[in-house]
Amino acid sequence: MYLYSFCEGGFVSTEQQSIYYGTPVVDGIAYAPVIWTRRPSVPALSAVDLPEYERAAAIERFEKAADEVVARLEERASKATGHAAALLQINASMAGDPAWRKNIKKQVTRGIPPVQATMAVTEQFVSNFERLGGIMAQRTIDLRDVRDRVIARLEGRPEPGVPQPDHPVVLFADDLSPADMAGLDPSKFLALVTELGGPTSHTSIIARQKGIPCIVAARRLSKIEEGTYALVDGRAGTVHVGITQEDAQSLLDEDKRRRQLIEQWEGPGRLKDGTPVALLANVRDGLTATEAASVGAEGIGLLRTELCFLESISEPSVEAQQAVYEPAFEAFPGSKVVIRTLDAGSDKPVPYATLQEEANPALGVRGLRTSGHNPDLLIHQLDAIAAAAKSLGREETHVMAPMVSTLPEAKWFAGLVRERGMIPGIMIEVPSAALLAEQFMEHVDFVSIGTNDLTQYTMAADRLSPDLAEYSDPWQPATLNLIAHVARAGIKTNTPVGVCGEAAADPLLAVVLVGMGVTSLSVSPASLKAVGAQLSQFTMEQAKAAADAVLGAWDQGDARYRVRQALGINHQLDA
């Protein structure tokens with residue numbers, strides 16, 4: 001018999017089986033043969049110049065190939081939903097980017113064949129994206145995906161993509177682009193495992209949206225050959241090779257019961273002993289707010305306000321902003337709605353709100369800090385939120401600021417919010433705010449922990465880096481200890497403490513957070529039923545035991561192991 005180890009990112013072999021470890025992202029069990037997809041190899045550079053008389057025709061061939069890629073991506077975007085649709089549209093815009101195309105055509109005009117010109121210019125853009133960091137660095141895989149599709153068209157080959165099997169499989173990949181992910185059928189692709197990626201990558205987000213068990217950063221995955229039967233455990237972050245269907249059946253049966261519980265769950269959020277837990281939703285507009293209401297969300301825990309700013313070349317007017325906020329309010333009349341003020345900067349650059357050139361944008365002018373050189377931006381936004389609330393007769397509106405680092409910032413922001421008759425709060429994303437949580441709570445009425453950034457800043461690791469997935473894991477003991485510290489401060493001061501980062505969407509971690517004293521969880525609509533169903537299986541006494549057990553963990557794998565042991569979750573395989 002083999003008991004799950006708490007090692008992650010490694011490999012263990014026994015006489016009976018081999019176990020590969022990665023970072024778990026989406027819960028679930030799958031057992032099926034492996035199918036691989038890898039990005040195509042890049043053609044070698046040609047030393048032969050293109051004859052001058054062929055250059056105009058070559059430019060036309062490139063333009064046609066790029067146009068065909070744009071059309072294909074836009075077609076797929078129109079058939080996709082949610083995050084996948086948005087990312088496919090972004091990829092289509094990359095293929096149509098005038099600067100990218102202009103530089104490639106310039107290279108062809110100089111005699112470089114279009115395939116090599118596409119390669120060279122794309123790598124220049126990739127270097128620029130990596131230098132900018134944040135979400136721009138993460139989009140390098142998307143840009144290379146566009147490159148590969150255009151080159152395939154130029155060479156008369158089918159565009160690269162995920163194989164379409166005629167039987168259920170588990171999909172292994174070096175990494176997956178949004179175009180790869182968008183068309184995945186969960187009935188055929190039972191699980192996803194990638195060598196790269198992180199907990200907040202596009203692969204992770206879309207896998208969660210589709211409900212496909214997913215593991216990322218499984219470093220030694222390439223040792224497993226296509227066709228091998230593998231058991232993928234999306235909760236433990238393990239891939240087992242060398243076991244039979246009979247060996248795996250108990251875990252498959254357990255997962256079937258888990259899925260049934262999720263389907264049957266209707267809310268509201270509560271533990272097995274009846275203790276209420278507010279289950280809220282992360283949304284970006286009225287449409288996603290309506291979707292959240294339809295799956296049982298009790299309110300909005302995070303209304304992102306970046307959309308209307310990112311889509312405008314100048315600051316949107318108070319009236320324009322009000323028109324965006326009102327539909328989200330209308331989806332939850334009489335329910336709690338928490339609006340986050342503009343979180344521009346780092347991975348969400350807004351030209352008129354953030355600095356254009358920063359050595360390290362994640363540590364630069366972002367969130368509330370943008371008000372330093374553009375104070376009217378925040379004032380206008382608060383006016384717009386207040387106007388939207390007033391127009392709909394809302395009695396309570398919660399507003400929180402991102403990237404708050406000092407006590408004077410919190411006091412100043414809270415004053416502006418209260419002047420407009422609203423309830424002030426702050427995001428706890430920076431270790432300074434977590435460490436001084438009790439003092440911050442003297443100035444605001446609630447806090448919400450953004451675990452994505454809190455983990456990033458605690459572990460000094462870019463949360464969008466595909467090479468640092470294990471550091472970006474919210475199960476890291478340092479992050480968990482900071483969350484527990486904030487929750488204790490909330491209990492002492494009677495201040496509501498929510499979590500709105502990706503940690504709240506992890507069903508097992510959600511139990512731990514509630515045990516620590518977190519009063520509300522805000523997740524994407526796609527994750528809400530799974531979190532609600534998981535909470536319903538445990539009492540507050542069990543949740544507190546899990547919270548106590550996790551705080552002495554050695555690493556993120558040990559943290560998961562300790563919680564499973566504390567909750568009596570059986571993860572065993574008969575050898």
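Helix α19 is mostly covered, with 10 of its 10 residues buried. The model analysed here is predicted. The buried set in α19 runs through Pro-507, Leu-508, Leu-509, Ala-510 and Val-511. It continues with Val-512, Leu-513, Val-514, Gly-515 and Met-516. Several elements supply the cover. Among them are the helices α18 (477-493), α20 (525-535), α21 and α22 (556-567). The strands β17 and β18 (520-523) also contribute to the cover of α19.

One of these neighbours, α21, was examined in detail. The axes of α19 (residues 507-516) and α21 (residues 540-550) come within 7 Å and cross at roughly 95°. At that angle α19 is roughly perpendicular to α21. On the α19 side, the contact uses Val-511, Val-512, Val-514, Gly-515 and Met-516. Their partners in α21 are Met-540, Ala-543, Lys-544, Ala-546, Ala-547 and Val-550. By class, the residues of this contact divide into 9 nonpolar, 1 polar and 1 charged. The charged one is Lys-544, because Lys counts as charged, and the polar one is Gly-515, because Gly counts as polar.

A second helix pair has another geometry. Helix α10 (residues 286-294) and helix α12 (residues 318-331) pack at an angle of about 10°, with their axes 8 Å apart. The two helices, α10 and α12, are therefore roughly parallel. Gly-286, Ala-289, Thr-290 and Ala-293 form the α10 side of the contact. Pro-327, Ala-328 and Ala-331 form the α12 side. This contact has 5 nonpolar residues, 2 polar residues and no charged residues.

These helices belong to a chain with 22 helices and 19 strands. The chain has 575 residues, and buried residues make up 58% of them. Sequence-distant contacts were also counted. Among contacts between residues at least 6 apart in sequence, 69% join residues at least 24 apart.

Charged side chains were considered next. A search of the whole structure finds 27 salt bridges. In one of them, the side chains of Glu-63 and Arg-101 meet at 2.8 Å, N to O. Glu-63 lies in helix α1 and Arg-101 in helix α3 (residues 98-109), so this pair ties together parts 38 residues apart in sequence. Arg-101 is buried, with a relative accessible area of 9%.

Another salt bridge spans a longer stretch of sequence. Arg-208 pairs with Glu-502, and the closest N and O atoms are 2.6 Å apart. Arg-208 sits in helix α8 (residues 202-210), while Glu-502 sits in the loop between β17 (497-499) and α19, so the pair ties together parts 294 residues apart in sequence. The two partners fall into separate burial classes. Arg-208 counts as buried at 12% relative accessibility. Glu-502 counts as partly exposed at 23%.

Salt bridges also form a network. Its members are Glu-68, Asp-145, Arg-149, Arg-153, Glu-159 and Asp-180. Within this group, the side chains of Glu-159 and Arg-149 meet in a salt bridge at 3.0 Å, N to O. Glu-159 is in the loop between α6 (140-154) and β6 (169-173), and Arg-149 is in helix α6, 10 residues apart. Arg-149 counts as buried, at 1% relative accessibility.

Arg-76 touches this network without a salt bridge of its own. The residue is placed in helix α1 (residues 52-79). Arg-76 is buried yet has no salt bridge. The nearest side chain of opposite charge is Glu-159, 5.6 Å away. That distance is outside the salt-bridge criterion, because the criterion requires nitrogen and oxygen within 4 Å. Contacts of Arg-76 beyond four places in sequence are with Leu-88, Arg-149, Ala-179 and Gly-183.

Backbone geometry was inspected last. Most residues other than glycine have a negative phi, and most peptide bonds are trans. Three sites depart from this pattern. A cis peptide bond joins Gly-267 and Pro-268, with omega about 0°. Pro-268 is found in the loop between α9 (245-264) and β11 (278-283). Ala-217 is not a glycine, yet has a positive phi of about 55°. Ala-217 is in the loop between β8 (214-216) and β9 (229-233). At 2% relative accessibility, Ala-217 counts as buried. Asn-494 also has a positive phi, near 60°. Asn-494 lies in the loop between α18 and β17. Asn-494 is exposed, with a relative accessible area of 70%.

Technical notes. Residues numbered from 1 in each chain as written. Predicted model: local features only at pLDDT ≥ 70, side-chain atom pairs only at ≥ 80, totals over all residues. Heavy atoms only, no water. Helix = DSSP H or I, 4+ residues; strand = E, 2+ residues; numbered from the N terminus. Buried < 20%, exposed > 50% of the residue type's maximum accessible area, 1.4 Å probe, protein only. Lys, Arg positive; Asp, Glu negative; His and termini not counted. Contact = heavy atoms within 4.5 Å. Axes fitted to C-alpha atoms, helices over the stretch in contact; angles between N-to-C directions. Parallel < 35°, antiparallel > 145°, perpendicular 65-115°, else oblique.
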